[in-house]
Amino acid sequence: MRDQIVAGNWKMNNDQNETQTLLNALKSHSKPKNVRVMVAPSFTQLSQSVSLLGDDVITVAAQNVNAAASGAYTGEVSVSMLKGVGVETVILGHSERRSLYHENNASLANKVNTSIESGMEIVFCFGEQLEERKSNRHFDVVKEQLSEALFSLSAASWSQVVLAYEPVWAIGTGETASPDQAQEMHAFIRNLIQEKYTENLAQEVAILYGGSVKPGNAKEIFSMEDVDGGLIGGASLNADDFMAIVNAF
Ligand code: PGA
């Protein structure tokens with residue numbers, strides 16, 4: 001049975017006070033036993049979030065990490081720094097990192113390898129742009145993103161991998177992939193993993209959908225066979241909305 005996961009990507013939102021308010025609100029909600037819940041605050045709020053959440057079931061992820069262990073990389077953060085504040089999961093490859101900070105499949109492969117070798121769990125994001133879908137290249141694009149960044153991992157390493165399919169045209173736009181479009185792509189992804197590795201491994205990997213998931217559409221999307229949860233941006237900033245999504249399975 002695959003994990004069901006809902007992860008909140010806070011992006012560059014929530015300072016110290018806002019983090020405290022939101023996390024206290026999230027703590028006060030009861031959570032379903034069968035869903036893993038994560039939040040991804042900014043680097044500066046990671047330590048605060050880990051200590052505030054204490055033994056709550058919600059865990060803390062980072063939004064990015066550098067591929068190097070240490071050194072002259074001004075403004076960057078390493079895996080050991082994340083682990084040092086109790087963070088064991090990192091989001092990699094978000095479309096905003098790709099488009100605004102020029103991350104690509106090759107640089108992401110380095111981040112993936114460093115993170116996996118250091119024992120981190122990764123939530124690996126990928127997905128096509130609008131033009132790529134319109135010209136029917138979305139399957140090729142996704143195949144390339146996964147092959148170049150992830151397919152040199154050993155089969156054993158995949159226990160540390162969560163996938164997040166996020167069509168770029170659906171992120172922050174209010175436009176969601178239809179449940180059928182999400183299912184079609186998730187089944188395609190699972191099939192790619194099966195071809196490269198094994199059917200068992202393909203069945204074990206959690207594949208999240210991301211892009212304008214809201215309380216009103218989460219249930220329908222999560223009900224699709226190959227959709228194992230969501231990576232939530234905007235709606236993760238509101239405790240009631242986020243918990244409604246967590247409870248939408
Ligand atoms: P959104 O963002 O839910 O605001 O569309 C999703 C994401 O960027 O992960």
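## Pairing of strands β4 and β5

In this predicted model, Thr-89 has Glu-121 of strand β5 as its bridge partner. The strands concerned are β4, covering residues 89-92, and β5, and they pair in the parallel sense over 4 bridges.

## Strand β6 and its two neighbours

Strand β5, which spans residues 121-126, is also joined to β6 by 5 bridges, and these two strands run parallel. Within that pairing, Val-123 stands opposite Val-162 of β6. Beyond β6 comes a further parallel pairing, in which 3 bridges connect β6 to strand β7, made up of residues 207-210; here Ala-164 of β6 is placed opposite Leu-208 of β7.

How many of the residues of β6 are buried? Strand β6, residues 161-165, is mostly covered, with 5 of its 5 residues buried. The side on which a residue points makes no difference to this description, since Val-161, Leu-163 and Tyr-165 point one way from β6 while Val-162 and Ala-164 point the other way, and all are buried. Two of these residues have already appeared as bridge partners: Val-162 faces Val-123, and Ala-164 faces Leu-208.

## The barrel as a whole

The pairings described above belong to a closed arrangement, in which 8 strands form a barrel in the order β1-β2-β3-β4-β5-β6-β7-β8, with parallel pairing. On average, and with direction ignored, neighbouring strands of this sheet are turned by 25° against each other.

## Surroundings of the ligand

Around the ligand there are 13 residues, of which Lys-11, His-94, Glu-166, Gly-172 and Ser-212 come nearest. Sorted by class, this shell consists of 4 nonpolar, 7 polar and 2 charged residues.

Glu-166, one of the nearest residues, places a polar side-chain atom 2.6 Å from an oxygen atom of the ligand. Two glycines approach the ligand through their backbone instead: a polar backbone atom of Gly-233 is 2.9 Å from an oxygen atom of the ligand, and a backbone N or O atom of Gly-234 lies 2.8 Å from an oxygen atom of the ligand. Taken alone, the ligand would expose 280 Å², and the protein buries 97% of that area.

Notes:
Residues numbered from 1 in each chain as written. Predicted model: local features only at pLDDT ≥ 70, side-chain atom pairs only at ≥ 80, totals over all residues. Heavy atoms only, no water. Near = heavy atom within 4 Å. Polar contact = N/O pair within 3.5 Å; in protein donor to acceptor, adjacent residues only side chain to side chain. Areas by Shrake-Rupley, 256 points an atom, 1.4 Å probe, with all protein chains shown as cover. Nonpolar A, V, L, I, M, F, W, Y, C, P; charged D, E, K, R; others polar. Buried < 20%, exposed > 50% of the residue type's maximum accessible area, 1.4 Å probe, protein only. Pairing = 2+ DSSP bridges. Axes fitted to C-alpha atoms, helices over the stretch in contact; angles between N-to-C directions.
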